[in-house]
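Here is a short tour for a first look. Keep the sequence and the 3D view open side by side.

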Number of protein chains: 2
Amino acid sequence: MGSMFTNSKLFLLLAVALLSTPLPKDANTVSNAGPEYTADAQLKLPENYREWVFLSTDYHPISDPLKMQKMGHDVFNNIFVNPEAYKAFVQTGTWPDKTMLVFEGRRAESVSMNNQSGDVQGSIEGLAVHVKDEARFPGKWAFFGFHGDKTAKMIPVTASCYSCHAARGAVDTTFVQFYPTLLPIATSKDTLSAAYRQEILNAAPITK
Amino acid sequence: MGSMFTNSKLFLLLAVALLSTPLPKDANTVSNAGPEYTADAQLKLPENYREWVFLSTDYHPISDPLKMQKMGHDVFNNIFVNPEAYKAFVQTGTWPDKTMLVFEGRRAESVSMNNQSGDVQGSIEGLAVHVKDEARFPGKWAFFGFHGDKTAKMIPVTASCYSCHAARGAVDTTFVQFYPTLLPIATSKDTLSAAYRQEILNAAPITK
């Protein structure tokens, strides 16, 4: 069979897949326990997050100045949320206590096949969790960045992720404006942040 | 607050989100019934597919010649699978009877915020389902393309999707080579198709 696949790309793709994080052995063990911490206040990685509800993927080309410096190649970011928080959001338009949003960054790999070309997802390059735990965090939410371990320290509240999410997040410091199935729910339930509503007003075309 | 968001883009993004397909009212009603058909052999849309297990997203830039002709802009493709089939795949490395893979195409929207730029997901532009139903289809699998309705006719077996999936799919006529959490499982359980294994061999660097 004549292959239109670029051979080196295909080989790289397989190699990347083989190195990817393995799935948990038992797909039935979806945790419903909410965030769990170690004795020294690190967040435990919710290892079954790939079985949670998918919210969206965005794509950052190499021309993104921040990403270019960090990675040197195109990347995908996948966002997952624990099913209990998703169900609550569908009903209320906002996040309940114990919400966990998982941010999974993956290397983009170019492929072409039968006259189509595009980027597919390769190995994991970044993993972070945004946790709502009202009794634990003075700002209700905290970020944790994982670096190859099963536990992660909290990112200090002085980091820019906190200020940017607070200023720009459409719902409760989260970027619901980029989750296409959730934004209509938040809009209809009137849970959009004041700052985001003002951005929308500022962005609207002027009509007489 | 000074907005670094492109105003027209932000407005478009909101408009797109408002027009998106609404979610089912009750997120608890995940169907476990397998594919359902109408009396005239159309497939019923599995309306809760966004609560199924996410497999991957790929990204097709406008430079893709086929997509360019069809859409004229960049697109994302999201792939979801029913949870029962996912669990079986994790255990066996291949798909059970009644597997449903949902292909959701979404318009890519460019945004920039706080020195980051990239593409996020807008409105749905394509929806297709790849169903394994061994007793129903002579080739075991069939494709159905939805065009805004809740039911879809089967795509004729002469269409190129069948021949391409059969020739190039890594596992059982499906593109598991592009699902980064599943390819290692299929590899370890030795369920890769003969054609795909040959592609990998052809692509491997020659060593002495």
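What covers the buried residues of α4(B)?

## The cover over α4(B)

This is a predicted model. In it, helix α4 of chain B spans residues 160–168. Its buried residues are Y162(B), C164(B), H165(B) and R168(B). Their cover includes β4 of chain A. It also includes β5 (116–132), β6 (141–146) and α6 (194–203) of chain B. Elements of both chains thus appear in the cover of α4(B).

## Chain A in outline

Chain A has six helices and seven strands. Along the sequence, the pattern reads α-β-β-α-β-α-β-β-β-β-α-α-α. The chain holds 208 residues, and 52% of them count as buried.

Now take the contacts in chain A with a separation of 6 or more. Residues 24 or more positions apart account for 54% of them. The exposed area of chain A is about 9,500 Å². Carbon and sulfur atoms supply 57% of that area.

## Strands β4, β5 and β6 of chain A

Strand β5(A) runs over residues 116–132. It is mostly covered, with 13 of its 17 residues buried. How does β5(A) pair with β4(A), and over how many bridges? The sense is antiparallel, and there are 13 bridges. Strand β4(A) itself covers residues 100–113. At M113(A), the residue standing opposite is Q116(A) in β5(A).

Strand β5(A) also pairs with β6(A). This pairing is antiparallel too, over six bridges. Here V129(A) has F144(A) in β6(A) as its bridge partner.

## Two sides of α6(A)

Helix α6 of chain A takes in residues 194–203. Buried in it are Y196(A), E199(A), I200(A) and A203(A). They cover an arc of only 95° around the axis, so they lie on the same side of α6(A). The other side of α6(A) carries A194(A) and L201(A), which are exposed.

## F76(B) in strand β3

F76(B) belongs to strand β3 of chain B, residues 75–81. Is F76(B) buried or exposed? Its relative accessibility is 0%, so F76(B) counts as buried. D58(B) is 18 residues away from F76(B) along the chain. Yet the C-alpha atoms of the two are separated by 5.7 Å.

## Salt bridges

Side chains of opposite charge can pair when their charged atoms come close. Over all chains, the structure has 18 salt bridges. One of them joins E47(A) and K150(A), at 2.7 Å from N to O. E47(A) sits in the loop between β1 (43–44) and β2 (53–60) of chain A, and K150(A) in the loop between β6 (141–146) and β7 (151–152) of chain A, so this pair ties together parts that are 103 residues apart in sequence. E47(A) is partly exposed, at 45% relative accessibility. K150(A) is exposed, at 52%.

Another salt bridge links E109(A) with R107(A). Their closest N and O atoms are 3.2 Å apart. E109(A) is buried, with a relative accessible area of 5%. R107(A) is partly exposed, at 28%. Shared partners also create a network in chain A: salt bridges join R50(A), E104(A) and R106(A). In chain B, R106(B) meets E104(B) at 2.9 Å, N to O. Both R106(B) and E104(B) are buried.

## Aromatic pairs

Over all chains, the count of aromatic pairs is 22. Why is the pair of F54(A) and F80(A) edge-to-face? The ring centres are 6.1 Å apart and the planes stand at 65°, so the pair takes that label, the cut-off being over 60 degrees. F54(A) is in strand β2 of chain A, and F80(A) is in strand β3 (residues 75–81) of chain A. The pair links distant parts of the chain, 26 residues apart. F54(A) and F80(A) are both buried.

F137(B) and F144(B) form a tilted pair. Their centres are 6.0 Å apart, with 55° between the planes. F137(B) and F144(B) are buried as well.

Ring pairs also build a cluster with members from both chains. From chain A come Y49(A), F54(A) and F80(A). From chain B come Y49(B), F54(B) and F80(B).

Terms used:
Residues numbered from 1 in each chain as written. Chains lettered and ligands numbered in written order. Predicted model: local features only at pLDDT ≥ 70, side-chain atom pairs only at ≥ 80, totals over all residues. Heavy atoms only, no water. Salt bridge = Lys/Arg side-chain N within 4 Å of Asp/Glu carboxyl O. Helix = DSSP H or I, 4+ residues; strand = E, 2+ residues; numbered from the N terminus. Buried < 20%, exposed > 50% of the residue type's maximum accessible area, 1.4 Å probe, protein only. Contact = heavy atoms within 4.5 Å. Areas by Shrake-Rupley, 256 points an atom, 1.4 Å probe, with all protein chains shown as cover. Pairing = 2+ DSSP bridges. Arc of directions from axis to C-beta. Phe/Tyr/Trp six-rings, centres within 6.5 Å; stacked < 30°, edge-to-face > 60°.
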